[in-house]
Amino acid sequence: STLATACVISGLPESIIAAACARSGQRVLHVDSRNYYGGNWASFSFSGLLSWIKENQQKTDLSDECEDWRKLILEDEEAIPLSSKDKTIQHVEDFCFGDQDSAEGVEEAGALPKLPVFGAPAAQGESPGPEKESPAAEGIPLASQESPAAEGASPGSEKENPAVESPGEEPQSPEAEQALGSDAARAAAGDGAGAAPGSGAAPSTAAGDSAPQPAKTEAAPSENAAQEPKKITYSQIVREGRRFNIDLVSKLLYSRGLLIDLLIKSNVSRYAEFKNATRVLAFREGRVEQVPCSRADVFNSRQLTMVEKRMLMKFLTFCLDYEQHPEEYQAYESSTFAQFLQTRKLTPSLQHFILHSIAMVSETESSTLQGLQATKKFLQCLGRYGNTPFLFPLYGQGEIPQCFCRLCAVFGGIYCLRHAVCCLVLDRASGRCKAIVDHFGQRISANYFIVEDSYLSESTCTNVCYRMVVVAHPAGSVLSLKLCFCAQVSVLTVPPLEPGTAAVRVIELCSSTMTCMKDTYLVHLTCPSAKTAREDLEPVVQKLFNLNTETENEELEKPRVLWAVYFNMRDSSGVEKSSYSGLPTNVYVCSGPDSALGNDCAVKQAETIFREMFPAEEFCPPPPNPEDIIYDEDEIEPEESGLNNSPETKPETSAEENSSEGVSEHPQF
C-alpha cells in the first residue's frame, strides 16, 4: 500500500516530522536498522553504551552482503543504494580508571534475559501502567526544587501512556519513572534506562505509587556534608548500570527555545519531565567560578565589586534591546564580539563572563551581531522556569525523540526497529522516488521519504564537506567550586587553553536527573573537532579532573574520574540538499546532531521539510481535548447501554472512557 511518508531513521528531526505528519492525518512508516530509538540522539544504560562502543570500534566490512534486492528493480527503475554501515562515529576510545578485573562476573542489577531478535518491542500493543502526575509550568513538567518563575505553574498535568503501540517502551519506560517514590523504589529506577544494542526491550518496573520527586530524593544530607565523598568502584558502576542514561549528544533546552515552544504547542511535554540547570560556571585563571546571570544574582554576587555590578547591568540591559540602538554597535559589525566587548569599558572578568558563559560564542570567529543575538537569547530565557535559561529532560536527551515517536504512534504511525533499508527505488520517467526495498526484499511505496544522512552512500555524498564534533563522557565526582553533596546541573565553558584550539563546553549532571547512579556525576565535554576526540579534550579533562587512581588524598577539590569514553561525531547540519548527488525531489535529508547547545537547528529543519511536503497543513498542532471529540451515535450507543454518562451526573466517568480510547485526558485539580 502507498504511504504518505516513510522515515528511514529515528533521530530528533525525523521523529518530529513523523509526529507532525501523523498528527495531520498522513500515514507514516518509521523504520530503523538499529534496535533502539533516537539514532545519534539516543541515551544508553552503561551496559548499552559498552555495547555501542564495541559496535563502533569494530571495522566490519559489509561490502560482501547479499544484494538480491537488485533483482527487484524493474527496467524503468533505478536503485539508489543506501549505506549499511554508520560512519558518523569515529575514533571511539574508552578508559577505565578503576580496577576493571573486579567487575568480572558482576551482573547488572535488574537486567532481564535478552529477547530473541524477532521480539522487537516496536510492534507491541501494550498499554503502559499507571498514570504519573507532575506539576507543569506552561505545559512543561518540572522535577526541580525551584518553583517556575515569571510564568506560573499549573498543577494537574498528568503523563499518560496511550493504549496503542508506544515507541517509548524500549529505552525508557514510563513505569520506571513511576518507581521513584521511595528509596526502595529508586533502586529499580534504572530499569527504565536506554536500551542497549542487542539487548532487546529495556525492562520496566511499576513499584511505588507516589509521583516522582527526583530533586527532593537527592537533597543534600546535612549530617554527611562534612564527610569525605563515598568511593565508587567500577564493579558498582557495572552492577548499577541501569541507573545510567548516557546521552551520545550533549545538549540543553533553552526555556524560550524552539523545542520548548514545540513541546508545549503539540502537548508532547506531557510525555517527559524536566529539571532546571542550577548553575552557569566559568573557568578563569585555573579556577571554577559561578557566573551571576539574573538581576538578583548580580546584586547578590560577592565576586563582583559595586562598579562591576553597575557595568554588567548596564551592558545586559543594552543587549536586551540592542536593535533599538544601532549606533552603539554598527561601527563594530565587522569586528569580533570579543573586540566589541573591549570597547564597552568592561573589566577583563566581566568580558570573560559575557563571552564564554552568557553569550557562549567563539572568541575569534563570532561577529558582534552574533554575540549580541546570543546574549539577548540567554537573557530572554532567564526566569521562565528558574534562575538559569536551561532545562534538562529527566532520563536524558534521548527522551525527546521518543516523546515525538509516541505522539506519532498515538495517531497511527507504524514503527519498525531492526529493519534495514537496502535502497531507494527511483522512477526514471518522473525522476521521483517511488519506493524503498528493505532487507526482506519487500517494496514499500510512499509519496515522500525522509532519510538521515548517515544512510546515504559515499557516491551520493561525494560533494559533501562535513564538520566533526568531539565528545567525551567522564563519569566521576562533582565538578564544583568546593566539594559538596548538593544536587547540581551545571554548565561550564572552558576557554581555549592554547591559541588555535576551540573552547570546550562542559555539562555536569547529578543523579537527580536520572542519568547516573547516586554519589556520581555524569560530565559531558564537547567541542569542534581538530584532531581525535582524545587529543582535543584530554588537556581539559586533565585540568578539571584527577585521573590518578593511586593518590587518594591529592587535591580533594579535584573530582576523580572513574570511567571515560571519547569519540568524534559528524556534524552535517550545515550541508545543503543540493550538495547530495542524484537525490530525487521527494527525498529529504536530515542531519544528525549539531554542535550548538540548544536544539533549534533540528526543529527548524523538521518544520522546513514538513512545510515543503504539506504547505497547507499546520505544523504539529495540539491534539484535541477529549471533551471536544464528537463521536458518531452508532459508535457510542453500545457503550452507553446500561450506563448513565450524562455530564450532570458522571463527568469523571466520561473522561476516563474517552482516555481509554487512546486519547490522553488531563484532569484538573
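Visitor: Which residue with a positive phi follows α11?

Guide: After α11 comes a residue whose phi is positive, near 55 degrees. This is a predicted model, in which local features need pLDDT of at least 70, side-chain atom pairs count only at pLDDT 80 or more, and totals for chains, interfaces and linings use all residues. Residues are numbered from 1 along each chain as its sequence is written, and side-chain values use heavy atoms, with hydrogens and water left out. Helices (H or I, at least four residues) and strands (E, at least two) are DSSP runs numbered from the N terminus, and the residue following α11 is methionine 360.

Visitor: How many helices and strands are there in the chain?

Guide: The chain has 669 residues, of which 55% count as buried, meaning under 20% relative accessible area, with exposed over 50% and partly exposed in between (1.4 Å probe, protein chains only). The counts for the chain are 17 helices and 26 strands.

Visitor: How many of the residues of α11 are buried?

Guide: Among the buried ones are Leu350, Phe353 and Leu355, along with polar members such as Gln351 and His352. Their cover includes β13, β14, α9, α10, α12 and β22. The helix is largely enclosed by the rest of the structure, because the buried residues number 10 of the 11.

Visitor: At what angle do α11 and α12 pack?

Guide: α11 spans residues 348-358 and α12 residues 368-380, and their axes are 10 Å apart. Axes are lines fitted to C-alpha atoms, for helices over the stretch in contact, and angles run from 0 to 180 degrees between N-to-C directions. The two helices pack at about 80 degrees.

Visitor: Which class does that angle give α11 relative to α12?

Guide: Angles under 35 degrees count as roughly parallel, over 145 as roughly antiparallel, 65 to 115 as roughly perpendicular and the rest as oblique. α11 is therefore, relative to α12, roughly perpendicular.

Visitor: Which residues of α12 meet α11?

Guide: Contact means heavy atoms within 4.5 Å. On the α11 side the residues are Ile354, Ser357 and Ile358. On the α12 side they are Ala374, Thr375 and Phe378.

Visitor: Which element gives the largest share of the largest nonpolar core?

Guide: A nonpolar core is a set of buried Ala, Val, Leu, Ile, Met, Phe, Trp, Tyr and Cys residues joined through side-chain atoms within 4.5 Å. This one has 69 residues, and Leu49, Trp52, Phe315, Phe337, Phe390 and Phe567 touch the most other members. The largest share, six residues, comes from α9.

Visitor: Which lysine makes a side-chain polar contact with aspartate 594?

Guide: Aspartate 594 is in the loop between β26 and α15, and is buried at a relative accessible area of 13%. A polar contact is a pair of N or O atoms within 3.5 Å; within protein, one must be able to donate a hydrogen and the other to accept it, and residues adjacent in sequence count only if both atoms are side-chain atoms. A polar atom of the aspartate 594 side chain lies 3.3 Å from the backbone nitrogen of alanine 596. At 3.0 Å, the side-chain partner of aspartate 594 is lysine 251.

Visitor: What distance separates the C-alpha atoms of arginine 287 and leucine 544?

Guide: Arginine 287 is in strand β14, and its side chain joins that of glutamate 289 in a polar contact of 2.8 Å. Arginine 287 and leucine 544 are 257 residues apart along the chain. Their C-alpha atoms are separated by 9.2 Å.
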